[in-house]
Amino acid sequence: VLPALSEPELLAHLAGLAAADRAHELVCFAGGGAYDHHVPAAVSALASRAEYATSYTPYQPELSQGVLQALYEFQTLVCEIYGMEVANASLYDGASALAEAVNLSVRVTRRHRVLVGGTVHPHYLEVLSTYGSGIGLEIVQLPIADGVVDWGAVDAANAAAVVVQQPNFFGRLEDLHSVAAAAHDAGALAIAVADPTAMGVLAPPGEQGADVVVGEGQALGNPLSYGGPYVGLFATRLEHVRQVPGRIAGATTDRHGRRAYVLTLQAREQHIRRARATSNVCTNQTLMAIAAAVHLSWLGPEGLARLGELCATRTAAAARRLAEIPGVEIAFDGPRFKELVVRTPVPADDLVGALARRGFLVGPALGRYFPELGDCLLVAVTERRTVADIEALAEALHKELAER
């Protein structure tokens with residue numbers, strides 16, 4: 001416990017703590033749901049304007065046209081990249097967005113059994129379990145085979161939803177068409193947890209049969225920032241619009257015929273009778289959503305495709321180079337995006353700290369989630385990782401293993 005400090009003493013103390021923190025000097029190959037993507041200067045310049053930085057809920061549309069229009073554009077962009085018809089004005093993060101999607105499926109189907117691919121992010125599963133405990137969800141985790149789920153063997157009878165992650169937690173690509181077929185044959189909804197940065201190179205989940213698509217928007221305009229705040233993406237088909245959690249910004253005209261923006265639907269318990277509310281989400285992530293909208297607008301369709309291509313090609317290059325190291329192999333053959341599972345001859349937990357001391361942030365070690373993968377690391381390769389970065393990581397890993 002520190003004694004009371006004057007302002008100059010406090011600033012000096014904080015400066016000392018910052019100087020001892022070398023995290024910003026590490027080359028980031030860490031993945032598992034949060035990624036080191038480039039944030040264009042335009043994003044920070046626009047999203048940090050006072051009109052947005054001070055925004056909260058736009059209760060008075062006549063005073064909030066700028067924020068409402070920005071949210072309307074955000075929703076439109078989310079619908080476009082995911083191939084869906086309606087999106088909300090964001091949620092807390094990807095995990096809570098998944099929980100809300102499952103809650104929607106329960107309301108639509110009046111069932112409580114949910115099938116979840118074992119390749120969905122473990123943290124998302126924990127959040128879903130917490131949300132679902134109060135409404136009696138029966139969550140069935142589907143087995144993994146070679147880094148994916150065999151969706152053709154899934155029996156979704158009496159299920160409210162079938163949940164898939166695309167790309168999955170290991171970076172592998174799942175068969176969304178089979179997921180949708182298994183769900184729809186049983187009268188269930190197909191829910192996809194989709195990485196927005198992959199949408200420039202992969203078919204939108206909506207075009208492959210998904211009924212609800214959610215995702216983590218951190219990769220769009222939001223830095224890693226010690227784990228948050230992030231932004232949850234949520235989109236679905238128009239037929240489910242009144243089951244959407246949170247709020248939806250819409251476009252209309254005022255009495256003079258001018259285009260205007262309003263909150264069209266507000267399904268929060270603060271706005272309607274609590275028994276009819278779809279969710280108890282008490283706010284959205286407006287500032288982060290606006291940053292995501294600015295980033296997507298800055299990229300455009302061609303830029304989003306180029307971003308996806310860079311991530312895919314550099315991930316493939318990293319897989320080839322790391323596989324050349326004696327004793328190292330790449331687990332799970334097949335198409336992948338932005339992440340790969342690296343199997344090493346020593347416990348992966350030991351390598352995370354060792355490589356950090358050599359200047360590289362990798363992981364997470366997968367043994368904490370999957371005991372059978374205790375010798376495996378997750379390695380993420382975004383557009384920020386150059387060929388030189390990949391070579392340097394390979395050399396550091398080679399040296400570390402050789403010295404053991």
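**Group meeting: two helix pairs and two cores**

Okay, let's start with a contact: on helix 5, the residues G94, A95, S96, L98, A99, E100, V102 and N103 touch Y124, V127, L128 and Y131 of helix 6. Sorted by type, the residues of that contact come out as 8 nonpolar, 3 polar and 1 charged. Before I go on, keep in mind that this is a predicted model.

So how do those two helices sit? Two packed helices are described by the angle between their axes and the distance between the axes. For helix 5, residues 94-109, and helix 6, residues 122-133, the angle is about 45° and the axes are 8 Å apart. The pair is therefore oblique, and helix 5 goes past helix 6 in a right-handed crossing.

Now the second pair. Helix 4 and helix 8 have axes that come within 9 Å and cross at roughly 50°. That makes this pair oblique too, but here the crossing of helix 4 past helix 8 is left-handed. From helix 4 you have V67, A70, L71, F74, L77 and I81, and they meet T286, A289, I290, A292, A293, L296, S297 and L304 of helix 8. What's the mix of nonpolar, polar and charged residues in that contact? We get 12 nonpolar, 2 polar and no charged.

While we're on helix 4, have a look at Q65, which sits in that helix. Is Q65 buried or exposed? Neither, really: Q65 is partly exposed, because its relative accessible area is 28%, and buried would mean under 20%. Leaving out residues up to four places away in sequence, Q65 touches A260 and Y261. There's also R258, 193 residues away from Q65 along the chain, with 12 Å between the two C-alpha atoms.

On to the cores. The largest nonpolar core has 59 residues, and Y82, W151 and M199 have the most contacts inside it. Plenty of elements supply at least two residues each, including helix 2 (41-47), helix 4 (65-82), strand 5 (159-166) and strand 10 (259-266). Which helix gives the most to this core? Helix 8 does, with 12 residues.

Let me zoom in on M199. Setting aside neighbours within four places in sequence, M199 is in contact with I81, Y82, A194, P204, P205 and L304. Two of those names, I81 and L304, came up already in the contact of helix 4 with helix 8.

Last thing: there's another core lying apart from the largest one, with 30 residues, and A97, V120, A160 and V212 are among them.

Definitions and conventions
Residues numbered from 1 in each chain as written. Predicted model: local features only at pLDDT ≥ 70, side-chain atom pairs only at ≥ 80, totals over all residues. Heavy atoms only, no water. Axes fitted to C-alpha atoms, helices over the stretch in contact; angles between N-to-C directions. Helix = DSSP H or I, 4+ residues; strand = E, 2+ residues; numbered from the N terminus. Parallel < 35°, antiparallel > 145°, perpendicular 65-115°, else oblique. Left-handed = near helix turned anticlockwise from the far one by under 90°. Contact = heavy atoms within 4.5 Å. Nonpolar A, V, L, I, M, F, W, Y, C, P; charged D, E, K, R; others polar. Core = buried A, V, L, I, M, F, W, Y, C linked by side-chain atoms within 4.5 Å. Buried < 20%, exposed > 50% of the residue type's maximum accessible area, 1.4 Å probe, protein only.
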